[in-house]
Every structure is written in structure tokens, then in C-alpha cells.
Amino acid sequence: MKRKTIFYFSAIIIVIITLFFACETKPTEPTINNPFDLLNTETNGDPFHLTAIIANGGITLEWTKPDFKDLQLFKIYRSEIESSDYSALATATPGQIQYIHKNIENGHNYWYRVTVINNENKETIITNAA
């Protein structure tokens with residue numbers, strides 16, 4: 001019985017020592033590579049960098065083409081209220097980074113958002129109002 005106890009005790013000590021030396025003493029910093037993460041220094045949570053200016057007979061929207069796998073098209077949304085009621089306005093091909101919204105009225109405010117649709121018809125989160 002004593003021999004068995006010494007064996008188990010020795011085995012436990014060996015496991016503890018092995019775990020102690022196998023553990024990394026300093027954890028590594030996380031890689032922030034999600035383009036929608038506000039802590040991502042490349043995008044600041046906004047991979048599209050959408051801008052809107054009055055030009056070309058309407059409101060010209062321009063955005064950056066983000067590096068998304070299987071990008072099928074962009075979807076553009078518009079609202080006259082900043083925080084809600086966005087409705088689909090248009091779609092754009094993967095090579096397109098500009099859209100001109102010509103159906104506008106003087107005295108109205110417009111907000112725009114852009115998303116990406118992939119080949120599985122999944123849409124990214126809506127980001128950045130311009």
C-alpha cells in the first residue's frame with residue numbers, strides 16, 4: 001500500500017513539474033485583425049472609409065474596397081434619420097468604389113452606409129455613416 005501511495009505521489013509531482021515548465025510565462029498580445037474592431041489601427045472599426053460629397057449632379061459616395069474574401073457586391077443604404085430607418089438604395093460591383101445618388105431634395109439630410117455581400121449571400125455588419 002505504501003508503495004502505491006509513493007507511486008501516485010511521484011506521478012502527481014512529475015505532472016505538476018511538467019505543467020509548470022510547459023506553461024508560457026508571459027502571454028502574447030492578441031492580434032487585432034478584425035476590420036470592424038475599433039482597436040484595429042488600420043481601420044479603426046471602419047473598413048470602408050465611406051465619404052459623401054455634393055458633386056456630379058448629386059451626392060457622390062466613395063469608399064475603400066476592403067480586403068474581404070469572396071466579395072460579391074457592395075450594398076448601399078440611405079436614411080434621412082441618422083440613427084435608424086436605413087433602406088437599401090443600390091448595389092455596386094466589387095470593382096466599383098463610387099456611387100452617385102441623384103434622387104435628392106434640397107433641405108433634406110441624408111446618411112449613408114455600406115456593407116459587403118459575400119458569395120454565400122452573407123452580409124457584413126453595417127458600418128460608418130457618411
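In what order do the 3 strands of the open sheet that contains E1, E2 and E5 lie, and is their pairing parallel or antiparallel? The order is E1-E2-E5, and the pairing is antiparallel. The model described here is a predicted one.

**The sheet E1-E2-E5**

At the edges of this sheet lie strand E1 (51-55) and strand E5 (98-101), each of which pairs on one side only. Averaged over the sheet and with direction ignored, neighbouring strands are turned by 25° against each other. Between E2 and E5, the antiparallel pairing extends over 4 bridges. In this part of the structure, Glu-62 stands opposite Gln-98 of E5.

**The sheet E4-E3-E6**

Another open sheet is formed by 3 strands in the order E4-E3-E6, again with antiparallel pairing. Its edge strands are E4 and E6, each pairing on one side only. Neighbouring strands here are turned by 30° against each other on average, direction ignored.

Strand E3 (residues 71-79) is joined to strand E6 (residues 111-118) by 8 bridges, and the two run antiparallel. Two residue pairs illustrate this contact: Lys-75 has Thr-115 of E6 as its bridge partner, and Tyr-77 stands opposite Arg-113 of E6. Towards strand E4 (residues 87-92), E3 pairs in the antiparallel sense over 5 bridges. There, Arg-78 stands opposite Ser-87 of E4.

In general terms, strands of a sheet pair through backbone hydrogen bonds, in either a parallel or an antiparallel manner.

**The nonpolar core**

The largest nonpolar core comprises 16 residues, of which Phe-48, Leu-61, Trp-63, Phe-74, Ile-76 and Val-114 touch the most other members. Two or more residues are contributed to this core by each of strand E2 (58-62), E3, E4 and E6.

**Salt bridges**

How many salt bridges does a search of the whole structure find? The search finds 2, and they are listed below with their N to O distances.

| Residues | Distance (N to O) |
|---|---|
| Glu-80 and Arg-78 | 3.7 Å |
| Glu-120 and Lys-122 | 3.5 Å |

The acidic residues of these pairs can also be described by their accessibility. Glu-80 has a relative accessibility of 37% and therefore counts as partly exposed, the limits of that class being 20% and 50%. Glu-120, at 54% relative accessibility, counts as exposed, because the exposed class begins over 50%. Arg-78 thus has two roles in this account: its side chain meets that of Glu-80 in a salt bridge, and the residue stands opposite Ser-87 in E4.

**A nonpolar surface patch**

Phe-9, Ile-13, Ile-17, Phe-20 and Phe-21 make a nonpolar surface patch of about 590 Å². One of these residues, Ile-17, is found in helix H1 (residues 2-22). Is Ile-17 buried, partly exposed or exposed? With a relative accessibility of 44%, Ile-17 counts as partly exposed. Membership of a patch requires over 30% relative accessible area, so the 44% of Ile-17 satisfies that cut-off.

Notes: Residues are numbered from 1 along each chain as its sequence is written. This is a predicted model: local features need pLDDT of at least 70, side-chain atom pairs count only at pLDDT 80 or more; totals for chains, interfaces and linings use all residues. Side-chain values use heavy atoms; hydrogens and water are left out. Two strands pair if DSSP finds at least two bridges between them. A salt bridge is a side-chain nitrogen of Lys or Arg within 4 Å of a carboxyl oxygen of Asp or Glu. Buried means under 20% relative accessible area, exposed over 50%, partly exposed in between (1.4 Å probe, protein chains only). Patches are made of residues with over 30% relative accessible area and no salt bridge: like charges are joined within 9 Å, nonpolar side chains (Val, Leu, Ile, Met, Phe, Trp, Tyr) within 5 Å. Accessible areas come from the Shrake-Rupley method with a 1.4 Å probe; for residues, only the protein chains shown count as cover. Axes are lines fitted to C-alpha atoms, for helices over the stretch in contact, and angles run from 0 to 180 degrees between N-to-C directions. A nonpolar core is a set of buried Ala, Val, Leu, Ile, Met, Phe, Trp, Tyr and Cys residues joined through side-chain atoms within 4.5 Å.
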